[in-house]
Amino acid sequence: MTEMMKAVQLHAFGGPENLLYEETPRPLVGSDEVLVHVQAASLNPPDWYLRDGYRALPPEWWPEPKFPLILGTDVSGVVAAVGKNVTGFSTGDEVYSMVRFPQKLMEGSGGYAQYVSVPSSELALKPQGIDHVQAAGAPMSLLTAWQFLVETGHDAANPFQAFPHKAVPLKGRTVLINGAGGGVGHLAVQIARWKGARVIAVASSRNEALLRDLGADEFIDYTKTAPESVVSNVDLVLDAVGGANMERFLRCIKPGGALFLVNPLGFSAWSEAAKKDITVSSTQVRSSGTQLSEAARLLEKGVIRVVIDSTWPLAMASAAHQRAAQGSIQGKIVLTNC
C-alpha cells in the first residue's frame, strides 16, 4: 500500500492561491538518497518564480512541467530512511539541505512537504545550537553568499557568462552589499565580515539596527540616499537585488575592483566595466552538502546567524507567498511543522 503524506502542491501556474495543501504519495528513497522527515522549509525567489511559471523570462525559457508540482528547495528535518549506498547518515540524524538545485529549477524540488528524498551529496548535519526554523532558512541564501564570496566549489558551466566565477580576497578590503536586509544580503554581510572586510550595507531604514548588529560598519538607507552618490573606491559591490540600472554601481568601484551580480539578467554595461578595469561576474548557486557542512561550523559558533522574517504552518504556504509578494522581507520566510 502506498504511504501518503501532506504536501503543498501546484496544479497550475499563477498566484499564491494556486498552492494547495493536500495528500500525495510519500517519495521513495533511491540508493544514493536520504528520506528526510521535514520539520521546516523556507521560501526563496525561485519558488515564487516557478509558481508563476517564470513568466518574467523569455517565452522560450518557460517551463513545461508535469503537474502537480511541489515547490521548495530548502529544508531542515530528521532522517527517516537511507538508501543502500549511503554511509554518511543514519536514521534519526538531524540534517539540512538545498535540494536538487538547479537541477529541479523548473520542476520543483519537493521541499514543501512532510517528506522529501535528498541526494546524500546535498545533505549536511544540521548545525547544533540552532533550531530547524533557522536551519531551514539557511541553505540557498547561505550557499549563494558562500559561492560568491568564499568559493564556488564546483566546475559546472556558468549559465550567465563564458568564464567561471571566482571569489576575490576580502581581508582588509571594502565591500558594499546592496539588498543587505534580505536572505542573501544579511548572510553576505556576516560572511564578508568573517573574511575580514569592511562592510557597507545598503537597505531600508528598518534594517539599520539589525545590520549594524550583524557587523555592518556603515549603513546607507537607499530610500533617502543613492549609494553611488556617496560611496567611491570600494573593492567589491555585491548586488543581491538586481533589476534596472545595475550599472550605477560601477561608479562606486575602484579600478581593479569587482561587481558581483546575484541576478545579472539585464546588465549591459560590459564595455564601461572593461574601460574602468572592473570585473563583472555572476554564478548559479548549486547544491552542496560539503559547503553546508563547512558553513555549519560558523552557524554553530554564532559567527553567522539566520534572521527569520516570519513563520507559517505548511498548510498556510499560500499566505506565506502572499507575505513574500509584499516585499521588504527581513531575512527568511519559513514554513513549519511539515
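How much space lies in the second largest pocket? That is where I would like to begin, and I should say at the outset that we are looking at a predicted model. The second largest pocket holds about 450 Å³ of space, and the elements that each give two or more residues to its lining are β1 (4-10), β2 (19-25) and β6 (115-119). Of these, β6 supplies the largest share, with 3 residues. The lining consists of 21 residues, and those lying nearest the centre of the pocket are P27, I70, G108, S109 and G110. Sorted by class, this lining has 10 nonpolar, 6 polar and 5 charged residues.

Let me turn from the pocket to the enclosed space. The structure holds 1 cavity of 30 Å³ or more, and the volume of the largest cavity is about 60 Å³. Its lining includes P46, D47 and L50, together with L71, G72 and T73, and also F101, K104 and L105. G108 and S109 line this cavity as well, and these two residues are also among those nearest the centre of the second largest pocket. By class, the cavity lining has 5 nonpolar, 4 polar and 2 charged residues.

Next, the backbone, where a few places deserve a careful look. The peptide bond from F67 to P68 is cis, with omega near 0°, and P68 sits in the loop between α1 and β4. A cis peptide bond also joins F101 and P102, here with omega of about 10°, and P102 is found in the loop between β5 (94-98) and β6.

The loop between α1 and β4 also contains Y54, which has a positive phi of about 50° although it is not a glycine. Y54 counts as buried because its relative accessible area is 9%, which is under the 20% cut-off. N245, likewise not a glycine, has a positive phi of about 65°, and it lies in the loop between β11 (234-239) and β12 (253-261). With a relative accessible area of 37%, N245 is partly exposed.

Now to the surface. W61 lies in the loop between α1 (45-51) and β4 (74-82), and, together with F160 and L265, W61 makes a nonpolar surface patch of about 290 Å². At 46% relative accessibility, W61 counts as partly exposed.

I will finish with a helix that is mostly covered, namely α3, residues 139-149, in which 11 of the 11 residues are buried. Among these buried residues are M140, L143, W146 and F148, but also the polar-class S141, T144 and Q147.

Notes: Residues numbered from 1 in each chain as written. Predicted model: local features only at pLDDT ≥ 70, side-chain atom pairs only at ≥ 80, totals over all residues. Heavy atoms only, no water. Patch = residues over 30% accessible without salt bridge, like charges linked within 9 Å, V, L, I, M, F, W, Y side chains within 5 Å. Areas by Shrake-Rupley, 256 points an atom, 1.4 Å probe, with all protein chains shown as cover. Salt bridge = Lys/Arg side-chain N within 4 Å of Asp/Glu carboxyl O. Helix = DSSP H or I, 4+ residues; strand = E, 2+ residues; numbered from the N terminus. Buried < 20%, exposed > 50% of the residue type's maximum accessible area, 1.4 Å probe, protein only. 1 Å grid on protein atoms, 1.4 Å probe; cavity = no way out; pocket = protein on both sides within 12 Å on 5 of 7 lines; lining within 4 Å. Points joined across faces, edges and corners; volume = space filled by probe spheres on them.
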